[in-house]
Amino acid sequence: MLKKILTIFTLFFASIQLIGQTDYVLKCDFNDDDPEWISRNDDDLFTEIKSGVYTIQHKNTENTWYQYRECFLNPDKDFEIIMAVKQTNGKSNKGFGFIFGRKDVDNLFVFDIASTGYFTIFKKVEGKKENIVDWVKIKNVKPMMQENTLSMKRVSGMWNFYVNDSLVHSMVSQKTYGFYYGFYVSSAITLEVDRFYIKQKVKPINLVDKYESFGERVHLGSMVNTTKTEKSPVISADEKTLYFTRKDFWDETSKEAKDDIWYAELNEKDSTWGLAKNAGSPWNTKEHNSLVSISTDHHTAMLSNKYDSTGAVVGKGISISYKTSRGWSIPKAMKIKNYYNHSEYAEQCLSPDGSVLLVACQRDDSYGSKDIHVCFLQKDSSWSEPQNIGNVVNSFASEVGPFLAADGITLYFSSAGHPGYGSNDIFVTRRLDDTWKNWSEPKNLGPKVNTAKWDAYYTVPASGKNAYIISSTKGMKEDIYKIRQAEDAKPVPLVLVKGIVFNSETKQQMPAEVSYSELGSTKILGRASADPVTGMFQFSLPKGKKYSFHASEKGFISVHYNYDAAELNSYKEETIDLYLTPIKKGVSIVMNNLFFTANKYDILPESYPELDKLYLMLLENPSVKIEIGGHTSINTSGEKFNQELSTNRAAAVKKYLVTKGISDKRITSKGYSYSKPIYKTNEEAIQAKNRRVEFTIIDK
C-alpha cells in the first residue's frame, strides 16, 4: 500500500515538475499597451490597459461577451492556462472566466466562475451549448473585490481545472476546435484582469544554417504593387515572369470588385519589372480568380476554382490550363479521387514535371487542421486520392501555401505548428525519397524572412537566388517583395536547360515534347512541352545523376542528348537547341546515347533506352528501311582493327533490333572504319565524336 502511495506521489510530482519546466506561449501582465487586446468605449463595452491591469466593463445585460487572441498551443501536449481576475462591479451571480480552444463563436470551451462561489465548464459545438460541468458550489471562490486565480493544466492526457490552486474538476482531454484563447463575460459586470498566461514547453527554433545571410526585403515598386492588395506571388522557373493575385480589382463586366490574376515581365536589360498586366480570359472570370502554380516549361498553369467547358467558374476546386498556339486553353477541372476538404481554404502546387500535386487541405487524416497532402497523376489524367505526407512536415496547426522548387525536392511552406517567431512562419524541408512521405526536419528561414505576424506564400525561381514574398508595413495593405536567399535555404543545385526545337531541314521552330530520364533508364523523370509557336522549351535537371533527354514529334526522328549533372556544385543554365529530322529517304542520324565497351562491340546497358527509341520508330513506321553504319575515330590501331570494330558494332545494333522483333530485311549494317570522319582535328576530345553509330533511312 505504501509503495502504491509513493508511486502515485511520484507521478503527481513529476507532472507538476513537467508543468513547471515550461515556456510562455503567451504572457500578459498588462504593464504596457497591447494592441492584441482592444481598447474600447461605447454603449456596450469599456476596456483599457492601465497600471498593470486590464479593465473590462461589460455594459450589456442581454448578451455574453468574448475577447480572444490567436495562440498556437499544441493541444496534444501538456500546457497550462492561468488567469488572475477579480470582479469589481455588477451582479455577483453572473459568470466570468476564460475561453480556450476556440475556432469561432459557435465552437469553443469556457471555464467560468461566479463571485457567489460557483463554477461551471461548458463548450459550444456548432452553436449548441453543452455543459461539461453544471454550476457547482465550491468553497474556494473569493467574493467580489478579491482576486481569483483560474487555471487549467493538461497533464498526461487529462484536463485539470483549478480555482485558487484547488482542483475542482478533472477529465480526459478533448479535441479542441481552434487556436483562440481569451476572456468570457456573461453579463453586465466589471472585471480587472491582472495576468493571463499560457505555458507550454517549446522546442528551440530550428533555423537554417547561416540564416543571417538572407538579404533585406526589397519592395518591387509601383510597376507591380499598387494601392490595392497584391498577394499569392508565383515566380516562373527562369525568374522572368511573376504572377500574382490583385485584390479588389474593379471588373467592368460584373460591376463589382473581385480578385484577378495579374503578371509582370522582367526587363532583362536593367532587371526591373515591367508594368503588370491583367491576365484576362480565360483565366479571369467574373468570380474571384487566382493562379497557384506554373510549370517549369511555362506551358501548364494551375488555377483555383472549378471551371466548366464554357470557361465559367462553377464552384471550389482546382483547374488546369495549357498553353496552345492560340493562347491559354480554357481551364479544365482536375479530377481527384475522393477529394474533400473540411477547411474553407486550400492551397496547391504542381511538381516541376507535372506528375505530382501537393494540396494543403483539412481531411480526416489531418494531424491538426490543414495538412499538406500528395496526389499522383494517373494514366487517365485524373489524380490519386490525397495522402498525408506525414507528421515531420505536418503539425497540430495549419500548413499553408506549399511551394515545390524546380528541383522537385525542396519544399517551402508556412506553418504555426513548428517553433517560430509568432504566428505562421515560413519553413523549408527536403524530400528524402520517391514515396513523398519522408522529409527532412523543417527549418525556419529566420528573422529576416519571418516576423511576429502571419508569414506565408513564398515562391522561388530555379536558381534559388531570390525569393518573392508578401509583406505589409504597419497598418498598410500587402505588397510583393523580393529577398536574397541564404545558401542553405536554396533548392538543390540544378541545371535549367532551355532551348528551341527546330526542324533540321527547314530550320523553322516547331512544337514537340521533350522528355528526360536517367541515362540508361527507360523511366521518364519529366516532360516539357516546346512552345507550339516559338518552339522554346525549358526543364530542370537536379544534381546527382547523368541524364538523357530527347525531343519527339510524330513524323520526325527523335533527337537525343545527354547531360552529366552528377557532380554539379552550383546552379547552371544551359542553352541546348534540338533538331528534329523529318522521316525521309537519305536522312542520317547519330545515336548519341549508344555506348560500347572500349575497343569492343559489347553494347553497354545504358544504351538500351536509345536503342529502344529507334525500335519504336521502326515499329511505328513499318515501311521504313534503314542502314546501321559504324564509324571509328582516326587512330593508330590500323585499318583492319578499325574496320572490324565498326562492322561488328553496326552488326550488334542490328542484332538488338532484330531480337526485339524488327524484320532483318528492313535493316542492313555496314562498318566504315574512319573513312567518314565528322571532324579531322587530332585532339582526342574532338576525335571521340567520330566514334559513333548512325542510322540512315534508305527507303520510306
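How many helices and how many strands are there in the protein? With the whole chain of this predicted model shown as a cartoon, you can trace four helices and 49 strands.

Stay with the whole protein for a moment and turn it along its principal axes, where the C-alpha atoms fill a box of roughly 110 × 75 × 45 Å. The radius of gyration is 33 Å, whereas a compact globule of 700 residues would have a value near 27 Å. If you now display contacts, counting those with a separation of 6 or more, 59% of them are accounted for by residues 24 or more positions apart.

Next, switch on the surface, which comes to about 33500 Å² of accessible area, with 50% of that area belonging to carbon and sulfur atoms. Of the 700 residues beneath and along this surface, 50% count as buried. Colouring by charge then brings out 89 positive and 85 negative side chains, and the centres of these two sets lie 4 Å apart.

For a closer view, select residues 371–376, which form strand β29 and are mostly covered, since five of the six residues in this strand are buried. Add residues 356–361, strand β28, which runs antiparallel to β29 and is joined to it by six bridges; within this pairing, V359 stands opposite H373 of β29.

Finally, extend the selection to residues 387–388, strand β30, which pairs with β29 in the antiparallel sense over two bridges. To see one of these contacts between strands β29 and β30, pick V374, whose bridge partner in β30 is Q387.

Terms used:
Residues numbered from 1 in each chain as written. Predicted model: local features only at pLDDT ≥ 70, side-chain atom pairs only at ≥ 80, totals over all residues. Heavy atoms only, no water. Rg over C-alpha atoms; globule rule 2.2 N^0.38 Å. Buried < 20%, exposed > 50% of the residue type's maximum accessible area, 1.4 Å probe, protein only. Contact = heavy atoms within 4.5 Å. Areas by Shrake-Rupley, 256 points an atom, 1.4 Å probe, with all protein chains shown as cover. Lys, Arg positive; Asp, Glu negative; His and termini not counted. Charge placed at Lys NZ, Arg CZ, Asp CG, Glu CD. Pairing = 2+ DSSP bridges.
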